[in-house]
Amino acid sequence: MQMPKPTDADKQFFRSVISDAPGVEVKPMFGNLGAFVNGNMFAGLFGSSVGVKLAADDLAELATIEGAGPFGPAERPMGGYLSLPPSFTTEQAAGWVNKAQAYVATLPPKLKKKR
């Protein structure tokens with residue numbers, strides 16, 4: 001499986017659509033980026049694709065928008081996530097990322113594994 005590398009512009013766009021709300025953090029993941037709240041990822045960057053984790057109704061709505069699609073490696077896309085259409089403006093992308101953040105914030109916090 002080939003991991004795509006995001007450009008600096010991709011990373012800048014991703015960071016621009018992530019809110020700086022309390023508890024939100026952006027961390028590197030496999031050469032890409034992930035945005036987390038309470039330890040759970042709500043948005044990710046995979047190459048140039050921004051993916052979001054959404055509630056079932058929002059996921060179904062996003063799936064109807066042209067250009068939205070699976071998120072992650074083609075061989076094994078991430079369940080519960082969809083890629084935002086590449087044609088989205090910063091404002092459109094931020095709106096969906098905010099929905100994802102709000103949804104994931106309702107999930108139980110992810111417990112840190114003991115080492």
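The largest pocket holds about 570 Å³ of space in this structure, which is a predicted model. Its lining is made up of 16 residues, and those lying nearest the centre of the largest pocket are Lys 27, Gly 39, Lys 110, Leu 111 and Lys 112. Two strands can be picked out along this lining: β1, spanning 24–29, and β3, spanning 40–46, each give at least two residues to the largest pocket. The largest share belongs to β1, which supplies four residues of that lining. Sorted by class, the residues around the largest pocket comprise seven nonpolar, seven charged and two polar ones.

Attention can now turn to the second largest pocket, which has a volume of about 320 Å³. Here 15 residues form the lining, and Met 3, Met 29, Phe 30, Pro 73 and Met 78 are the closest to the centre of the second largest pocket. At least two lining residues come from β2 (32–37), and at least two come from β3. In this case β3 provides the largest share, with four residues. The class make-up of the second lining is eleven nonpolar, three polar and one charged.

Read side by side, the two pockets have one strand in common: β3 supplies at least two residues to the lining of the largest pocket and at least two to that of the second largest. As for charged residues, seven are found in the lining of the largest pocket, while one is found in the lining of the second largest.

Methods. Residues are numbered from 1 along each chain as its sequence is written. This is a predicted model: local features need pLDDT of at least 70, side-chain atom pairs count only at pLDDT 80 or more; totals for chains, interfaces and linings use all residues. Side-chain values use heavy atoms; hydrogens and water are left out. On a 1 Å grid over the protein atoms alone, a cavity is a set of points where a 1.4 Å probe fits but cannot get out, and a pocket is an open set with protein on both sides within 12 Å along at least five of seven lines; lining residues have an atom within 4 Å of a point. Grid points are joined across faces, edges and corners, and a volume is the space filled by probe spheres set on the points. Ala, Val, Leu, Ile, Met, Phe, Trp, Tyr, Cys and Pro count as nonpolar, Asp, Glu, Lys and Arg as charged, and the others, Gly among them, as polar.
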